[in-house]
Amino acid sequence: LLAWSIRLHRPDFVVSGHMHHQPYHGDFHARLGKTWCFNPGCPPATKVSQATAPNHIIVDLEKGEATWDAAPEAGTVRTLRTVRLNE
């Protein structure tokens, strides 16, 4: 249903948190046609208490990039991954 709605309305961006662990076991972004789909996910239960901020995605239209800032799956360093939006 979501894919149908995206194809029908063709938004530039869609942000969803439905698949909680996806960014840790896949990627925080995907493309459906020209629409960028983002999922900040949720840290594993054992890491939630160590998170200094909730998982989030920063979309910088000037730089043309999106960065996933997330609690670590292991260790104490936050995870940062960036994708170029013009790819």
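This is a guided tour of the structure above, stop by stop, with a selection to make at each one.

**Before selecting anything**

The model is predicted, so local features are reported only where pLDDT is at least 70 and side-chain atom pairs only at pLDDT 80 or more, while totals for chains, interfaces and linings use all residues. Residues are numbered from 1 along each chain as its sequence is written, and side-chain values use heavy atoms, with hydrogens and water left out.

**The whole chain**

Begin with a cartoon of the protein chain, which has two helices and six strands, arranged along the sequence in the pattern α-β-α-β-β-β-β-β. Helices (H or I, at least four residues) and strands (E, at least two) are DSSP runs, numbered from the N terminus. Of the 87 residues, 31% count as buried, where buried means under 20% relative accessible area, exposed means over 50%, and partly exposed lies in between (1.4 Å probe, protein chains only). If you switch to a surface, the chain exposes about 5900 Å², with carbon and sulfur atoms supplying 58% of it; these areas come from the Shrake-Rupley method with a 1.4 Å probe, and for residues only the protein chains shown count as cover. Among contacts between residues at least 6 apart in sequence, 40% join residues at least 24 apart, a contact being heavy atoms within 4.5 Å.

**The nonpolar core**

Next select Tyr24, Phe28, Trp36, Phe38, Ala66, Trp68, Ala70, Ala71, Val83 and Leu85, the ten residues of the largest nonpolar core. Strands β3 (35–38) and β5 (65–70) each supply at least two residues of this core, and β5 gives the most, with three. A nonpolar core is defined as a set of buried Ala, Val, Leu, Ile, Met, Phe, Trp, Tyr and Cys residues joined through side-chain atoms within 4.5 Å. In soluble globular proteins, nonpolar side chains tend to be buried together.

Within the core, centre on Tyr24, which sits in helix α2 and counts as buried because its relative accessible area is 11%. From Tyr24 you can draw a C-alpha to C-alpha distance of 8.8 Å to Pro44, which is 20 residues away along the chain.

**From Leu85 to a surface patch**

Now move to Leu85 and display its contacts: leaving aside neighbours within four places in sequence, they are Phe13, Arg31, Trp36, Phe38, Val59, Leu61, Gly64, Glu65 and Ala66. Keep Phe13, Val59 and Leu61 selected, since together they form a nonpolar patch on the surface with about 260 Å² of accessible area. Patches are made of residues with over 30% relative accessible area and no salt bridge, with like charges joined within 9 Å and nonpolar side chains (Val, Leu, Ile, Met, Phe, Trp, Tyr) within 5 Å. Phe13 belongs to strand β1 (residues 13–15) and, at 32% relative accessibility, counts as partly exposed.

**Two salt bridges**

The structure holds two salt bridges, each a side-chain nitrogen of Lys or Arg within 4 Å of a carboxyl oxygen of Asp or Glu. For one of them, select Asp27 and Arg81, whose side chains meet at 3.3 Å, N to O. Asp27 lies in the loop between α2 (22–25) and β2 (29–32) and Arg81 in strand β6 (residues 79–84), so the pair ties together parts that are 54 residues apart in sequence. Asp27 is partly exposed at 33% relative accessibility, and Arg81 is partly exposed at 27%.

Then select Glu65, already met as a contact of Leu85, together with its salt-bridge partner Arg84, the closest N and O atoms being 3.4 Å apart. This pair links strand β5, which holds Glu65, to strand β6, which holds Arg84, across 19 residues. Glu65 is buried, with a relative accessible area of 18%, whereas Arg84 is partly exposed at 35%.

**Two loops**

Go on to Arg10, in the loop between α1 (2–9) and β1, where phi is near 45°, a positive value in a residue other than glycine. Arg10 is exposed, with a relative accessible area of 66%. Add Gly33, in the loop between β2 and β3, which is also exposed, at 62% relative accessibility. The C-alpha atoms of Gly33 and Arg10 are 8.0 Å apart in space, although the residues are 23 apart in sequence.

**Last stop: cysteines**

Finally, select Cys37, buried at 19% relative accessibility, and Cys42, partly exposed at 31%. Taking a disulfide as a pair of cysteine sulfur atoms within 2.5 Å, the count comes to zero.
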